[in-house]
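Visitor: Before we start, I would like the labels in this entry explained. Please set each value against its cut-off and then conclude.

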Amino acid sequence: MNEHLILHARLDREDRLIDADEGFGAINERAGGSRGHVLAVPQFNTLVRLARRLRILISRGVTIADGEIDLDCWIKATPGDGGTSLAVSVLRERPAWRTPTSANTVAALPPPPGADWQWEVDAELRVTRIDEQAGVRHGFDAVAALSRPLTRLFALEPDADGNVAILDAVAERIDFDRQVATIRESSVRVTLAASVRRDPLGGFDGFVGGTYLVDEQPVEPVVETFNARLDQVLRGPLGRIVANADTINAGQDGDLDPHYADYAADIASAGRHLLGLVDDLVDLEAIEREDFTVEDEAIDLADVVRRAAGLLQVRAANAGVTIDREGLDGVLPARGEFRRTLQILVNLIGNAVRYSPEGATIWLRAQREGDRAVVIVADQGKGIAEADQARIFEKFERVDASEAGGSGLGLYIARRLARAMGGDLTVDSAVGQGARFLLGLPAGE
Amino acid sequence: MSLSPSTPESFDAALALRAAAAERRAGRRLASAIEDFFRDEHDRLDDRARALIGALVEVTVSAIERDVGDTAARLLATRGEAQAAKAIATGNASVFARLIDSGLLRERALMDEVIAQARVALIDEALVANRPPGVTTGLLVRLREHDDAMVRDAAIDYLLADSRHRAPAEERRAELPAELHHQLVWWVAAALRERLAGVSPIADRALVDAAMQRIAHFDGAAGTMVAAHRLAASIDADVERLPGLLLEALTEGRLTLFAAFLAHALGIEMDEARALALEPDGERLWIALRALGMERDVLARVGWALGEADRTRDVEALPDAIDAAAVVAPEQAGAVIAPLMLTRDFRQAVRALSMGSAA
């Protein structure tokens with residue numbers, strides 16, 4: 001606690017002033033009082049009288065007018081055998097025309113807006129309220145934080161100038177924001193903001209605060225453990241969401257408003273999209289690892305194309321798109337990994353189906369060109385401008401950014417896989433003329 | 001012969017009806033003005049209490065409305081009553097306003113509970129604000145690190161309940177005992193029913209099912225009153241430690257815990273102990289403290305802390321009251337508060353009867 005100016009006075013059993021230090025005497029005299037009489041400052045006199053009658057030490061905060069200024073004081077009256085002693089500690093003084101900083105209360109003080117979760121601390125910065133669910137979500141024990149110092153929950157960090165915002169705020173009894181901190185238990189980085197709560201005399205009485213998660217790009221975008229945990233963390237719940245939404249959509253649980261059935265279908269399709277993204281991320285994590293390798297097998301590339309086209313036949317039919325497989329009858333020996341090659345082709349043909357207008361045709365060709373076995377997937381979509389042709393092979397880029405769906409990882413992964421097998425994936429297109437994707441692999445015997 | 005709406009006779013009849021209604025309203029206004037004028041200043045709600053009571057009731061009703069309404073709408077949708085589902089989910093008619101209009105919320109037990117909780121909240125806040133600068137408290141900090149695991153667990157439960165209860169005003173609900181909560185759920189369900197243009201057996205069934213779900217999910221043991229009482233029981237303080245605990249609870253701004261220590265020591269119920277702590281003149285509280293053998297000094301300190309924190313008390317009258325109570329012998333005091341230990345239903349019946357004969 002800060003050191004305050006403390007004034008003293010002694011009073012007899014009839015509450016008359018016996019003696020006082022200079023400061024107290026001055027205040028009492030300015031109010032019209034003098035030694036041998038009851039105190040002229042009514043708040044002082046009242047407390048002295050109550051202490052004498054109750055026969056216990058009592059104290060309270062008061063504001064007294066002293067000339068041009070108002071004094072916020074804490075006064076303490078201690079009754080004794082010979083009379084009562086009074087101690088006045090002057091907490092702060094302010095011009096009389098300035099209204100006291102009003103006490104704000106829980107009822108009146110809203111928490112900072114938009115926080116991910118809220119907390120409150122008392123005047124000693126001990127946690128009095130915390131969002132239990134936040135602990136579950138962000139990996140810390142909320143119950144352990146209760147009644148303990150805020151600093152036990154958060155490791156506070158100074159800003160660039162070495163200032164710790166929350167400490168300055170306590171000292172000056174003001175709101176703060178952008179206090180950078182880390183949740184000790186989970187190492188999650190956050191920023192804190194809070195509104196100050198004041199007692200009736202304007203003193204510090206705690207904070208009503210909010211925690212904001214910091215959106216940080218991790219240095220390593222995909223870590224190894226990510227892959228290992230994907231199944232349990234994402235695939236399981238997503239699978240259940242899709243399954244339940246499908247069940248609702250199918251109306252197995254009874255009659256359902258058609259709107260709700262449609263919502264369920266939307267939920268299922270969004271869930272599938274996310275499952276696809278999970279698959280892509282698992283692939284991404286795998287191919288970006290330094291020790292990533294592919295099998296070197298003898299494969300029939302024409303056969304792989306036929307299988308890929310077969311897998312997408314239903315989707316193409318639904319979209320009113322024809323897949324032209326003429327010229328895939330023969331055998332086209334190549335070297336690569338069967339599974340990965342199939343994955344690339346499903347991606348390419350899938351894209352072609354997605355970007356083709358109804359009634360369009362997709363041509364598939366497999367041919368040998370020198371020492372390479374080449375598959376061509378050509379569509380009648382709107383084509384890709386030359387300037388965009390490099391971009392679409394980048395991570396998180398899409399052929400058509402305005403089109404929903406797709407993770408923006410497919411072509412990036414496809415090209416990485418093709419190159420890992422000693423081949424390449426290129427595009428050849430012009431706006432309005434459709435696109436031709438060429439997958440080349442080393443030719444086989 | 002039938003009267004068309006425009007005949008002079010029907011016009012006169014409508015006018016007479018309106019005039020009669022206006023007269024009744026004027027009569028009611030005058031009655032409440034008279035009541036207001038003669039009301040004792042100390043019995044009057046101050047603005048903060050009024051605002052907090054209003055917020056508690058409204059937030060509590062809205063929470064139940066949202067819960068029961070959403071569930072009923074969902075049930076109706078799956079049962080093929082899309083129209084009714086929409087009416088329930090999107091109806092604009094305020095359930096809160098309807099319950100106020102109907103007079104249902106005037107229910108004595110309900111308002112007694114809400115007013116008590118609002119007053120406890122305001123007193124708690126003032127107790128903390130009145131703490132001398134530099135005074136630190138450590139009751140709960142100590143209890144949650146207690147050697148006895150039972151005390152430790154009870155302290156954590158209490159802190160959790162307290163944390164939940166400290167929600168900002170716009171989210172803070174009253175912690176209702178089971179029977180009051182259930183009653184309120186049925187009222188809300190009945191008010192929601194009025195949103196439906198025509199009532200069907202399916203819609204009624206859905207509302208009943210939604211209300212039953214809400215009731216089934218109610219956890220009466222989660223409130224601060226119950227948690228505080230359990231904490232006091234786990235500590236099981238003796239006569240030596242009790243005064244310190246009572247005063248520390250007040251210093252920390254925890255009137256519910258103060259009431260819990262009192263309830264456990266006296267062997268009375270929590271709501272009775274809280275009522276003692278909230279009584280503005282404190283007469284019965286001094287007697288209760290004397291029954292526990294507390295000295296004058298403790299009475300005075302409790303009286304001072306509560307007097308400073310509660311605007312409805314007259315702190316100038318406190319010294320005389322304490323002087324009078326201090327001379328009452330503990331046995332005598334025990335006999336006076338003995339009826340508090342009797343079965344709740346019996347106590348309430350005795351009270352109701354005496355109020356009836358006084359009127």
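Visitor: What should the 12 residues of helix H12 of chain B span at 1.5 Å a residue, and what do the end C-alpha atoms give?
Guide: This is a predicted model, so the values are computed from its coordinates. Helix H12, residues 255-266 of chain B, should span 16 Å at 1.5 Å a residue, and its end C-alpha atoms are 16 Å apart, so the two agree.

Visitor: What makes H12(B) largely enclosed by the rest of the structure?
Guide: A residue is buried if 20 or more other C-beta atoms lie within 10 Å of its own. In H12(B), 12 of the 12 residues are buried, so the helix is largely enclosed. Among them are Phe258(B), Phe261(B), Leu262(B) and His264(B).

Visitor: Which helices do the buried residues of H12(B) pack against?
Guide: They pack against H5, H10 (224-235), H11, H13 (270-278), H14 and H17 (330-337) of chain B. Just after H12(B) comes Gly267(B), with a positive phi of about 70°.

Visitor: Why is Leu139(B) called partly exposed?
Guide: The class lies between the exposed limit of 12 or fewer C-beta atoms and the buried limit of 20 or more. Leu139(B) has 18 other C-beta atoms within 10 Å, so it is partly exposed. Leu139(B) is found in helix H6 (residues 139-144) of chain B.

Visitor: What is Leu139(B) in contact with, leaving aside its neighbours within four places in sequence?
Guide: Its contacts are Glu248(B), Ala249(B) and Glu252(B). Leu139(B) and Leu245(B) are 106 residues apart in sequence, yet their C-alpha atoms are 7.8 Å apart in space.

Visitor: Why is Arg339(A) partly exposed?
Guide: Exposed requires 12 or fewer C-beta atoms. Arg339(A) has 13 others within 10 Å, so it is partly exposed. Arg339(A) is in helix H11 (residues 338-355) of chain A. From Arg339(A) to Glu295(A) the C-alpha distance is 9.3 Å, with their positions 44 residues apart in sequence.

Visitor: How do you know that H15(B) is mostly covered?
Guide: By the same count of 20 or more C-beta atoms within 10 Å, 12 of the 14 residues of H15(B) are buried. Val298(B), Arg301(B), Trp304(B) and Glu308(B) are among the buried ones. The helix covers residues 296-309 and reaches 20 Å from its first C-alpha to its last, close to the 20 Å expected at 1.5 Å a residue.

Visitor: What do the buried residues of H15(B) pack against?
Guide: On chain A they pack against H2 and S3; on chain B, against H5 (108-129), H11 (242-251), H14 (283-291) and H16 (318-326).

Visitor: How many residues does each chain give to the contact between A and B?
Guide: Chain A gives 35 residues and chain B gives 34. On the chain A side, helix H2 (42-54), strand S3 (58-66) and strand S7 (127-130) each supply at least two residues. By class, that side has 18 nonpolar, six polar and 11 charged residues.

Visitor: Which residues touch the most other members of the largest nonpolar core?
Guide: The core has 148 residues, and those touching the most other members are Ala72(B), Leu76(B), Val188(B), Leu231(B), Phe258(B), Phe261(B) and Leu262(B). Helix H2 (residues 47-78) of chain B gives the most to this core, with 12 residues. The core also draws at least three residues from each of domain 1 (5-95) and domain 2 (117-213) of chain A. Apart from it lies another core of 46 residues, including Ala366(A) and Leu417(A).

Visitor: What is the secondary structure of chain B, and how much of the chain is buried?
Guide: Chain B has 18 helices and zero strands. Of its 359 residues, 39% count as buried. Among contacts in chain B with a separation of 6 or more, 74% join residues 24 or more positions apart.

Visitor: What confidence does each chain carry?
Guide: Chain A has a mean pLDDT of 82, with 87% of its residues at 70 or more. Over residues 100-107 of chain A the pLDDT is below 50, and beyond near neighbours in sequence this stretch has 20 contacts in the model. Residues 217-222 of chain A are also below 50, with four such contacts. Chain B averages 88, and 96% of its residues score at least 70. The model scores ipTM 0.79 and pTM 0.65.

Definitions and conventions. Residues are numbered from 1 along each chain as its sequence is written. Chains are lettered from A and ligands numbered from 1 in the order in which they are written. This is a predicted model: local features need pLDDT of at least 70, side-chain atom pairs count only at pLDDT 80 or more; totals for chains, interfaces and linings use all residues. Two residues are in contact if their C-beta atoms, placed from the backbone, lie within 7 Å. Helices (H or I, at least four residues) and strands (E, at least two) are DSSP runs, numbered from the N terminus. Ala, Val, Leu, Ile, Met, Phe, Trp, Tyr, Cys and Pro count as nonpolar, Asp, Glu, Lys and Arg as charged, and the others, Gly among them, as polar. The expected span of a helix is 1.5 Å times one less than its number of residues. A nonpolar core is a set of buried Ala, Val, Leu, Ile, Met, Phe, Trp, Tyr and Cys residues joined through C-beta atoms within 7 Å. Domain bounds come from an automatic or database domain assignment. pLDDT is the predictor's confidence in each residue, from 0 to 100.
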